[in-house]
Amino acid sequence: CDDIEEQARDLLGNELRKLSVVPVQQQFNGSDCGVFSIAYATSLVFMDDPKIIQYDIPKMLGHLIKAGQMEQFPAIPLP
């Protein structure tokens with residue numbers, strides 16, 4: 001957490017007001033971090049709460065590379 005806060009301060013300087021770490025769905029491998037990062041950023045753009053989204057992992061990469069407008073990533077409905 002300290003490393004992340006340090007990186008955020010390097011990027012934002014005094015503009016960083018608060019950094020909150022929230023529990024979200026995790027990747028299962030060492031190569032999907034970029035796709036997950038973009039998916040979470042997209043969720044925030046659409047004003048969705050990333051804590052309550054369960055992405056449909058097999059569909060994520062295909063969603064990312066298709067051309068067109070920005071759309072929410074495929075998700076699995078939570079009970």
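Is Arg9 buried, partly exposed or exposed, and what is its relative accessibility? Arg9 counts as partly exposed, at 39% relative accessibility. The coordinates behind this value belong to a predicted model.

**Overall layout**

The chain contains 3 helices and 2 strands. Read from the N terminus, the order of these elements is α-α-β-α-β. Along the principal axes, the C-alpha atoms occupy a box of roughly 35 × 30 × 25 Å. The chain has 79 residues, of which 20% count as buried. Among contacts in the chain with a separation of 6 or more, 44% come from residues 24 or more positions apart.

The exposed surface of the chain amounts to about 6,300 Å², and 57% of it is supplied by carbon and sulfur atoms. As for charge, there are 6 positive and 11 negative side chains. The centres of these two sets are 7 Å apart.

**Nonpolar core**

The largest nonpolar core consists of 8 residues: Val35, Phe36, Ala39, Tyr40, Ile53, Tyr55, Met60 and Phe73. Helix α2 (residues 33-45) gives the largest share of this core, with 4 residues. In soluble globular proteins, nonpolar side chains tend to be buried together.

Tyr40 is one of the core residues. Apart from neighbours within four places in sequence, Tyr40 is in contact with Val24, Gln25, Pro50 and Tyr55. Of these partners, Tyr55 is also listed in the core.

**Salt bridges**

The structure holds 3 salt bridges. The table gives each pair with the distance between N and O atoms.

| Acidic residue | Basic residue | N to O distance |
|---|---|---|
| Glu5 | Arg9 | 3.2 Å |
| Asp56 | Lys59 | 3.5 Å |
| Glu71 | Lys66 | 3.3 Å |

Glu5 and Arg9 both belong to helix α1 (residues 2-12), where they are 4 residues apart, about one turn of the helix. Glu5 is partly exposed, with a relative accessible area of 30%, and Arg9 is partly exposed as well, at 39%.

In the pair formed by Asp56 and Lys59, the acidic residue Asp56 counts as buried, because its relative accessibility is 16% and the cut-off for buried is under 20%.

In the pair formed by Glu71 and Lys66, Glu71 has a relative accessible area of 34% and is partly exposed. Lys66 is partly exposed too, with a relative accessible area of 46%.

**His63 and its surroundings**

His63 is placed in helix α3 (residues 57-65). The relative accessible area of His63 is 13%, so this residue is buried, the limit being under 20%. Beyond neighbours within four places in sequence, the contacts of His63 are Glu71, Gln72, Phe73 and Pro74. Two of these residues appear elsewhere in this report: Glu71 forms the salt bridge with Lys66, and Phe73 is part of the largest nonpolar core.

**A positive phi angle**

Where does Met47 lie? Met47 is in the loop between α2 and β1 (54-55). The phi angle of Met47 is near 65 degrees, a positive value in a residue other than glycine. Met47 has a relative accessible area of 74% and therefore counts as exposed, for which the threshold is over 50%.

Conventions:
Residues are numbered from 1 along each chain as its sequence is written. This is a predicted model: local features need pLDDT of at least 70, side-chain atom pairs count only at pLDDT 80 or more; totals for chains, interfaces and linings use all residues. Side-chain values use heavy atoms; hydrogens and water are left out. Buried means under 20% relative accessible area, exposed over 50%, partly exposed in between (1.4 Å probe, protein chains only). Contact means heavy atoms within 4.5 Å. Accessible areas come from the Shrake-Rupley method with a 1.4 Å probe; for residues, only the protein chains shown count as cover. Lys and Arg count as positive and Asp and Glu as negative; His and the chain ends are not counted. The place of a charge is taken as NZ of Lys, CZ of Arg, CG of Asp or CD of Glu. A nonpolar core is a set of buried Ala, Val, Leu, Ile, Met, Phe, Trp, Tyr and Cys residues joined through side-chain atoms within 4.5 Å. A salt bridge is a side-chain nitrogen of Lys or Arg within 4 Å of a carboxyl oxygen of Asp or Glu.
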